[in-house]
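Let's take a walk through this model together, helix by helix and then residue by residue. Keep the viewer open as you read.

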Amino acid sequence: MIIFFQQLLNALALGGAYSLVALGLTLVYGVMKIPNFAHGGLYMVGAYVTWALLSSLGVPYFLALGLSAVALGLLAMLLERAVFYPLRAAPHIHPMIAALGVLFFLEAGVQLIWGPDFKLLNSPVTGVVNWGGISITGQRLLMIAASLLIMGALYWFLKRTTTGATIEAMAQNREGARLVGIPVGRLASLTFFISGGLAAVAAALYAPTSLVSPSMGEVMNLKVFAIIVLGGMGSVPGAIVGALLLAFAETFGGVFVGTNFADVVGFAVLVIVLAIRPQGLFRRTA
């Protein structure tokens, strides 16, 4: 039982980080119907920006987290205007290819600026909490608390504000939203800003528990696309449930099967769920 609850806490921390990245991606897909393969690159750049602010400029961690979120939000807005907006009427394959090009461009840019070596982002929250034989680091507790807070704030924004309601209206019917006077262009930029900010926050929270590298975006890309397919393309609740399911599968699979097979177990769960429900957990139609 101690092992179970120990891994449960680790899975919740990992699932919180996955949820934030997946929420940003599913918002963009829900509103723009674009599978943004550059999203993992934004996550990776967010980790490097946070590391640079902490190590080079000595900015406090929470301020660095906020600045990184704003910087990546603005970068995502720039990508939407410069890359995806001109392709809004093109076949779906065109923005997909463009997004892959942006991902490779971001990876090359990071290596040009900071080099290809791994970076270590020291955890700002030291200490370990022990209770009943179960221990968890302060950083993982911060990941759980921060992800819950941000997800709650995002839910409030989407459900309780006029802007959030218009974003949901765009996700349901973009052309209908345009016809009733909703500024779809500005809301698309805002959606990308939120998406980039969520990716940066997730990177700043998760990076202290691992290493920062130029390839970390590709790995996260695979996982978050698996998550949103598992939860249902464009479904916000599905992104959260899918992230937690993948995190639980990876964490417990790493304990009972082996750390080398943790990712395999996670994707095996994805295959099993989709074999039973091909449209995902939270979608009524494919």
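A crossing of two helices is called left-handed if the near helix is turned anticlockwise from the far one by less than a right angle, and right-handed if clockwise. Before we use that, a word on what you're looking at: this is a predicted model, where local features need pLDDT of at least 70, side-chain atom pairs count only at pLDDT 80 or more, and totals for chains, interfaces and linings use all residues. Residues are numbered from 1 along each chain as its sequence is written, and side-chain values use heavy atoms, with hydrogens and water left out.

Start with helix α3 (residues 61–84) and helix α8 (residues 184–206), whose axes come within 7 Å and cross at roughly 140 degrees. Helices here are DSSP runs (H or I, at least four residues), numbered from the N terminus. Their axes are lines fitted to C-alpha atoms over the stretch in contact, and angles run from 0 to 180 degrees between N-to-C directions. That angle makes α3 oblique to α8, because angles under 35 degrees count as roughly parallel, over 145 as roughly antiparallel, 65 to 115 as roughly perpendicular and the rest as oblique. The α3 and α8 crossing is right-handed. Sorted by class, the contact of α3 with α8 has 16 nonpolar, 6 polar and 2 charged residues. For that sorting, Ala, Val, Leu, Ile, Met, Phe, Trp, Tyr, Cys and Pro count as nonpolar, Asp, Glu, Lys and Arg as charged, and the others, Gly among them, as polar.

Now swing over to helix α2 (residues 39–55) and helix α4 (residues 93–114), which pack at an angle of about 20 degrees with axes 8 Å apart. So α2 is roughly parallel to α4, and this crossing is left-handed. Who meets whom there? From α2, the residues include G40, L42, Y48 and W51, while α4 brings L103, L106, E107, V110 and W114. Contact, by the way, means heavy atoms within 4.5 Å. The contact of α2 with α4 has 10 nonpolar, 2 polar and 1 charged residues.

Stay with α4 and find P95, which sits in that helix. Is P95 buried or exposed? P95 is buried, with a relative accessible area of 5%; buried means under 20% relative accessible area, exposed over 50%, and partly exposed in between (1.4 Å probe, protein chains only). Not counting residues up to four places away in sequence, P95 touches I34, F84 and L87. The C-alpha atoms of P95 and F37 are separated by 9.2 Å, though the two are 58 residues apart along the chain.

Follow the P95 contact to L87, in the loop between α3 and α4. L87 is partly exposed, with a relative accessible area of 23%. With its neighbours within four places in sequence left aside, L87 is in contact with H94, P95 and A98.

Two more stops. S147 is in helix α5 (residues 138–160) and counts as buried at 2% relative accessibility. S147 touches G16 and L20, again not counting residues up to four places away in sequence.

Last comes T251, in helix α10 (residues 236–256), which is buried with a relative accessible area of 11%. Its side chain reaches the backbone oxygen of A247 at 2.8 Å. Leaving aside neighbours within four places in sequence, T251 is in contact with Q7, N10, A11 and L14.

Definitions and conventions: Helices (H or I, at least four residues) and strands (E, at least two) are DSSP runs, numbered from the N terminus. A polar contact is a pair of N or O atoms within 3.5 Å; within protein, one must be able to donate a hydrogen and the other to accept it, and residues adjacent in sequence count only if both atoms are side-chain atoms.
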